[in-house]
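Please examine the structure shown here. The paragraphs that follow lead through selected parts of its interior.

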Amino acid sequence: MMQSILSFSLKELCAKLRTREISCEELCRFYLERIEKYGMRNALNCVFAVNPKALDEARELDKRGPEGFPLYGLCVLLKDNIDVAGMTTTAGSVALEDNIADVDAPAVRILREKGAVILGKTNMTEFANFLTPGMPGGFSSLGGQVVNAYDKNHTPSGSSSGSAVAMSARLCSFAVGTDTSFSVVACAMDNGVVGFKPPVGTISTEGVIPITSYLDEIGFFTRDMVDMGFLTEQLGITTRIEADEKQNMTTSGETVQMQESSLQRALAVWTINQEFVSEEQMERYEKLFARMREDGWSFTEQPGRNTMKLQEIGLRRMSKEIRDYLETHKGSSAGKMTPEKILEKYRENPAKYSPYGTEFMDKSLAYEYELENEQKVLEIRAEMSREHELLTEELSGFDCCVMTGPTCIMHYAGLSSLSVPFAVASEDGLPRSIILFGPDMRKLLSVGAEIERYGDEIPMPKIGE
């Protein structure tokens with residue numbers, strides 16, 4: 001029974017937990033044993049730390065029973081920039097290795113209230129890949145290098161690398177990351193799993209070491225779209241507070257179920273930057289589109305656009321927002337940390353602590369003290385708002401948009417995005433994915449489920465079984 005856990009959907013696993021075919025403790029222990037075998041530094045190095053209370057939490061759920069817990073007993077790993085009470089929150093930095101969280105981040109509190117067991121923390125690209133340009137995906141001064149479960153020589157991507165690899169290797173029921181620009185969807189793309197980033201503002205990012213709250217959002221990894229559909233429904237992500245579609249998961253009050261819009265079976269295809277995409281990947285897109293056209297789907301090419309302002313707003317906000325985060329952690333053993341002290345730590349031993357440099361953090365600190373910084377931020381924020389309105393209008397006649405060439409415009413505009421594996425590449429045997437984005441979460445998830453149905457079966461990585 002226990003080994004067959006790897007074949008169960010989240011819904012099936014929940015059902016077996018509810019009927020006591022599997023106990024919460026047994027499931028937790030199963031994952032902890034897999035983490036010990038495959039997740040630590042001697043293997044994939046995707047797990048930074050195990051929650052020492054995980055088994056106790058699982059036993060307590062067994063005592064209480066499943067009533068009122070829609071995610072009863074499911075076990076989750078979280079990116080190590082998200083606060084879990086009693087555990088360190090490091091963002092992969094040696095400067096924050098003693099930053100012990102006093103309380104759970106609101107999103108973690110909700111996971112517990114829904115019945116999930118916190119297994120531990122995952123490694124990540126340091127400071128969410130915003131410490132310096134050129135840092136390898138999955139590398140951090142504290143955690144080391146995360147390894148792709150399909151191919152150790154292939155990138156695990158960044159910055160939610162550990163969470164994506166842990167999901168790929170089935171070290172948890174589902175995994176949580178954060179996404180500022182592609183940190184969930186790109187990691188999912190390179191690790192053969194589904195990654196979903198809701199619209200910015202959907203889930204509280206309080207208790208998350210930030211780049212900027214204007215762009216940051218918590219996202220999720222599951223093995224497939226069936227599981228992602230189940231997870232988002234149980235978490236209430238695809239519900240809304242009446243008259244306010246931007247309330248977060250911590251808001252209390254009566255929720256109403258969004259009416260699922262019937263799909264128009266019409267997709268926009270953004271062609272910007274296709275020259276940076278391999279011929280093999282473009283051929284895979286065309287084969288997928290051809291299969292879907294046979295069933296009445298339409299694909300309308302649009303030139304699309306990109307922006308360079310996303311990096312600028314991150315640089316202009318990160319130092320200030322990290323300072324604000326650290327000031328709320330006065331009770332942790334990290335003491336009175338600041339961006340200046342973080343940089344001082346790196347300068348103690350640059351070759352060891354910051355081998356790729358600290359360019360972004362240096363620039364962000366300089367921006368924080370620039371007199372015109374706040375005005376520049378306001379100007380960019382106004383542009384982001386205009387882009388959100390423009391994109392929403394442009395995509396109103398479509399279910400969502402397919403990204404065929406690299407663009408970060410959806411993140412700049414705060415729209416939801418989704419990465420779905422749909423093919424296995426003949427040239428290297430690795431999964432390949434497609435990235436979708438749009439203003440309507442339900443349509444986006446529904447289209448993702450359809451694409452999965454038209455795609456190839458994605459095998460698990462071979463990691464020793």
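The place to begin is I313, which lies in helix α9, spanning residues 309–327. The model is a predicted one. Is I313 buried or exposed? With a relative accessible area of 0%, I313 falls under the 20% cut-off and is therefore buried. Leaving aside neighbours within four places in sequence, the contacts of I313 are T212, Y214, L215, V377, I380 and M384. A further relation links I313 to E379: the two are 66 residues apart in sequence, while their C-alpha atoms are 9.9 Å apart in space.

A second helix, α4, covers residues 106–113, and its buried residues are P106, A107, V108, I110 and L111. In an α-helix there are 3.6 residues a turn, so residues three or four places apart point the same way. Against which elements do the buried residues of α4 pack? Their partners are the strands β2 (75–79), β3 (117–122), β6 (174–179) and β8 (217–222), together with helix α7 (225–235). Just after α4, the backbone at G115 adopts a positive phi of about 105°.

The last topic is internal space. Across the whole structure, a search finds four cavities of 30 Å³ or more. The largest cavity has a volume of about 90 Å³. Its lining is formed by I5, L6, F8, L10, L13, Y31, M167, R170, C172, S173, R223 and D227. By class, eight of the residues lining the largest cavity are nonpolar, one is polar and three are charged.

Notes. Residues are numbered from 1 along each chain as its sequence is written. This is a predicted model: local features need pLDDT of at least 70, side-chain atom pairs count only at pLDDT 80 or more; totals for chains, interfaces and linings use all residues. Side-chain values use heavy atoms; hydrogens and water are left out. On a 1 Å grid over the protein atoms alone, a cavity is a set of points where a 1.4 Å probe fits but cannot get out, and a pocket is an open set with protein on both sides within 12 Å along at least five of seven lines; lining residues have an atom within 4 Å of a point. Grid points are joined across faces, edges and corners, and a volume is the space filled by probe spheres set on the points. Ala, Val, Leu, Ile, Met, Phe, Trp, Tyr, Cys and Pro count as nonpolar, Asp, Glu, Lys and Arg as charged, and the others, Gly among them, as polar. Buried means under 20% relative accessible area, exposed over 50%, partly exposed in between (1.4 Å probe, protein chains only). Helices (H or I, at least four residues) and strands (E, at least two) are DSSP runs, numbered from the N terminus. Contact means heavy atoms within 4.5 Å.
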